[in-house]
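Trainee: Could you take me through one part of this model in some detail? I would like to start with a single pairing and then follow the chain outwards from there.

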Amino acid sequence: MILELDCGNSFIKWRVLDRQSAVVGGGVVGSTEELLVGLDKVSGLTLRAARMVSVRSDDETSALANLLFERFAVTTLRARPAEVIEGVTNGYDDYQRLGLDRWLAIVAAYRLAGKACLVLDLGTAVTSDFVAADGAHLGGFICPGVPLMRNQLRTHTRRIRYDDDAAERALHDLTPGRSTVEAVERGCSLMLRGFVQTQLELAREYWGESFEVFLTGGDAGSVEEILPAARVMPDLIFIGLAIACPLP
Ligand SMILES: Nc1ncnc2c1ncn2[C@@H]1O[C@H](COP(=O)(O)OP(=O)(O)O)[C@@H](O)[C@H]1O
Ligand SMILES: CC(C)(COP(=O)(O)O)[C@@H](O)C(=O)NCCC(=O)O
Ligand SMILES: [K+]
């Protein structure tokens, strides 16, 4: 069995593949303790390999790899920055600075699409990346995700206070809010939609209609309805991870 890990800033996404590459376990966890609990529940777990992509600090990433070695006697292969993989050219001035999650997502998207693509990843941060038909990564944009926007408002104001429970209920429509929770939740949601629309417009300017949109990240569902043609792929980064870190 193979363990795959995608360590984002807020959550660790993990899954276990069997010999036939079927997914036999997985989850989204907030800590390494929870990860170990999840792994304990995979029946007949015997790991022959592990691979990981992380946007966390080197110390935190190495600590997790060490823990997996102690616990399962498995060496974790880590995705590293690269200038080119499978015809995709990293577009950053310094290719090592591009977030590895973004890099793997665009490598996967380009392999799946075989043409120009716009990749949107809605996690702690919201990112967009543009890959041209010839595989050239043109760069992208980073902005705060909805939980960050919401928390910044709460942290830096005196009177924006409301229950998380009320947040979801406030989003049943996007008319002007008549309470703090509605005003903030709908406002942040509209900012996110505006961002996404702008990315689409830019992609159309570049490529007309000949491009594909890929949507991933824990909050992908919040813009799915305004992107009916998008391919919603929760496992996009794992697909890229398999390409970047092949196992014998
Ligand atoms: N099962 C889940 N556990 C935690 N967060 C989830 C889950 N499903 C969706 N989410 C949403 O996903 C967001 C985090 O997305 P994710 O892509 O995991 O972020 P990151 O990669 O930055 O850690 C959270 O803000 C939350 O709203
Ligand atoms: C932009 C990110 C913070 C996104 O992280 P995530 O929301 O997936 O946790 C991450 O890709 C990152 O740390 N990138 C390095 C900076 C850059 O890509 O320019
Ligand atoms: K992200």
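How many bridges join E2 to E3, and do these strands run parallel or antiparallel?

Mentor: Happy to! Please keep in mind throughout that this is a predicted model. There are 6 bridges joining E2 to E3, and the two strands run antiparallel. To place yourself in the chain, E2 covers residues 12–17 and E3 covers residues 23–29. One pair to look for is Ile12 with Val29, its bridge partner in E3.

Now turn to the other pairing of E2. Strand E1, residues 2–7, is also antiparallel to E2 and is joined to E2 by 6 bridges. Here Ile2 stands opposite Leu17 of E2. The connection from E1 to E2 is a hairpin through 4 residues, while the hairpin of E2 and E3 has 5 residues between the strands. E2 is therefore paired with E1 as well as with E3, and 5 of the 6 residues in E2 are buried, so the strand is mostly covered. As a general point, side chains in a regular strand alternate between the two faces of the sheet.

The turn after E2 deserves a pause. Ser21 sits in the loop between E2 and E3, and its phi is positive, at about 65°, although Ser21 is not a glycine. Why look twice at that value? Most residues other than glycine have a negative phi. Ser21 is also exposed, because its relative accessibility is 53% and the cut-off for exposed is over 50%.

There is a second residue to set beside Ser21. Ala73, which is not a glycine either, has a positive phi near 55°. Ala73 lies in the loop between helix H2 (58–72) and strand E5 (76–78). With a relative accessibility of 62%, Ala73 counts as exposed.

From these exposed loop residues, let us move to a buried place. Asp101 belongs to helix H3, residues 100–113, and the UniProt annotation "active site", from an unreviewed entry, covers this residue. Asp101 has a relative accessible area of 19%, so this residue counts as buried, the limit being under 20%. Apart from neighbours within four places in sequence, the contacts of Asp101 are Val53, Val55, Asp121 and Ile237.

Arg102 is in H3 too, and at 4% relative accessibility this residue is buried. The side chain of Arg102 makes a polar contact of 2.8 Å with the side chain of Tyr92. Setting aside residues up to four places away in sequence, Arg102 touches Tyr92, Thr127, Ser128, Asp129, Gly140, Phe141 and Ile142.

Both of these helix residues meet ligand 2. There are 14 residues around ligand 2, and those that come nearest are Tyr92, Gly99, Asp101, Arg102 and Ala125. A side-chain N or O atom of Asp101 lies 2.7 Å from an oxygen atom of ligand 2. For the side chain of Arg102, the distance from an N or O atom to a ligand 2 oxygen is 2.8 Å. Gly99 takes part through its backbone, with an N or O atom 2.9 Å from an oxygen of ligand 2. On its own, ligand 2 has 460 Å² of accessible area, and the protein covers 77% of that.

Technical notes: Residues are numbered from 1 along each chain as its sequence is written. Chains are lettered from A and ligands numbered from 1 in the order in which they are written. This is a predicted model: local features need pLDDT of at least 70, side-chain atom pairs count only at pLDDT 80 or more; totals for chains, interfaces and linings use all residues. Side-chain values use heavy atoms; hydrogens and water are left out. UniProt positions are given in the numbering used here, feature names are shortened, and annotations may be inferred rather than shown by experiment. Buried means under 20% relative accessible area, exposed over 50%, partly exposed in between (1.4 Å probe, protein chains only). Contact means heavy atoms within 4.5 Å. A residue is near a molecule or strand if one of its heavy atoms lies within 4 Å of it. A polar contact is a pair of N or O atoms within 3.5 Å; within protein, one must be able to donate a hydrogen and the other to accept it, and residues adjacent in sequence count only if both atoms are side-chain atoms. Accessible areas come from the Shrake-Rupley method with a 1.4 Å probe; for residues, only the protein chains shown count as cover. Two strands pair if DSSP finds at least two bridges between them.
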